[in-house]
Amino acid sequence: MDDRQFRNAMGKFATGVTVVTTELNGEVHGMTANAFMSVSLDPKLVVVSIGERARLLPKLKEANKFTVNILASDQQEISMIFAGQLKDQKKTVSFERLEGQAVIPGALAQVVCEVSAEHVEGDHTLFIGKVIDIRLEEGDPLVFFSGRYRTLAEETN
Ligand code: FAD
Ligand code: NAD
């Protein structure tokens, strides 16, 4: 099976889009990720999956803390910035603070986590995060499906 077929199949699973941030030596690093899942209610745990080549990976391992920011429908540009898809245009992103961690203003959910476990699986590392704080905002989500950004359609009766 080739990589494209695998990616095409996984792309049929419509997801939201998050930006995972971590901070080391006063510098915030963000990365777009859709491999995110809620894991446990008691205790409250989530998981993100970070590729072995991601520059975020060693920083997250060292910082031992991260935030997950679930993007709103008007934040496609933020997703593209943190996926390295707008590299030619140097964009500055301002962050807010929650529990001392950098979070993205306007994200529908800002979730602050401490790393509670790491599992290397193939070419990714799964980080289990113990949730220590959450901030919510109203709005519709940014959606990723079949390799393209989408938004939810209004239901018509
Ligand atoms: P870089 O390439 O260094 O960083 C990514 C970009 O973010 C750069 O352009 C950088 O300039 C910018 N940036 C970082 N910090 C800041 C800051 N403080 N201010 C402004 N800009 C900043 N990869 C995975 O491993 N797991 C996933 O679940 C995943 N899901 C994805 C979902 C989607 C929809 C997309 C489009 C990509 C996904 N990727 C995922 C791929 C991943 O986002 C890219 O490979 C990314 O470029 C890897 O980032 P990096 O950590 O190597 O760092
Ligand atoms: P795509 O067609 O590559 O992605 C479709 C789906 O395939 C994704 O939603 C994801 O579930 C899966 N996928 C893609 N690359 C993967 C990888 N390296 N490891 C595990 N699963 C992967 O969509 P696209 O628009 O071409 O993606 C843009 C870039 O972002 C590509 O370089 C892609 O590799 C990367 N990406 C990585 C992940 C990830 O590492 N988990 C997820 C999504 C996108």
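These questions and answers walk through a predicted model.

Colleague: Which residues does UniProt list for "domain: Flavin reductase like"?
Modeller: The record is an unreviewed entry. Over the listed stretch the chain is 11% helix and 52% strand. The C-alpha atoms at its ends are 19 Å apart. UniProt gives the stretch as residues 10-151.

Colleague: Are the rings of Phe82 and Phe95 stacked, edge-to-face or tilted?
Modeller: A search of the whole structure finds two aromatic pairs. In the pair of Phe82 and Phe95, the ring centres are 6.3 Å apart. Planes under 30 degrees apart count as stacked, and over 60 as edge-to-face. Here the planes are at 50 degrees, so the pair is tilted.

Colleague: Where in the chain does Phe95 sit?
Modeller: Its partner Phe82 is in helix α3, residues 76-82. The two are 13 residues apart, and the pair links distant parts of the chain. Phe95 is in the loop between α3 and β7.

Colleague: Is Phe82 buried or exposed?
Modeller: Buried means under 20% relative accessible area. Phe82 has 12% relative accessibility, so Phe82 counts as buried.

Colleague: Which helix gives the largest share of the shell around ligand 2?
Modeller: The shell includes Arg4, Arg7, Met10 and His124. By class it has two nonpolar, four polar and two charged residues. Three residues come from one helix, the largest share: α1.

Colleague: What share of ligand 2 does the protein bury?
Modeller: An oxygen atom of ligand 2 is 2.5 Å from an N or O atom in the Arg4 side chain. A polar side-chain atom of His124 lies 2.7 Å from a ligand 2 oxygen. Alone, ligand 2 exposes 650 Å². The protein buries 58% of that.

How values were computed. Residues are numbered from 1 along each chain as its sequence is written. Chains are lettered from A and ligands numbered from 1 in the order in which they are written. This is a predicted model: local features need pLDDT of at least 70, side-chain atom pairs count only at pLDDT 80 or more; totals for chains, interfaces and linings use all residues. Side-chain values use heavy atoms; hydrogens and water are left out. UniProt positions are given in the numbering used here, feature names are shortened, and annotations may be inferred rather than shown by experiment. Helices (H or I, at least four residues) and strands (E, at least two) are DSSP runs, numbered from the N terminus. Rings of Phe, Tyr and Trp (its six-membered ring) pair if their centres lie within 6.5 Å; planes under 30 degrees apart count as stacked, over 60 as edge-to-face and the rest as tilted. Buried means under 20% relative accessible area, exposed over 50%, partly exposed in between (1.4 Å probe, protein chains only). A residue is near a molecule or strand if one of its heavy atoms lies within 4 Å of it. A polar contact is a pair of N or O atoms within 3.5 Å; within protein, one must be able to donate a hydrogen and the other to accept it, and residues adjacent in sequence count only if both atoms are side-chain atoms. Accessible areas come from the Shrake-Rupley method with a 1.4 Å probe; for residues, only the protein chains shown count as cover. Ala, Val, Leu, Ile, Met, Phe, Trp, Tyr, Cys and Pro count as nonpolar, Asp, Glu, Lys and Arg as charged, and the others, Gly among them, as polar.
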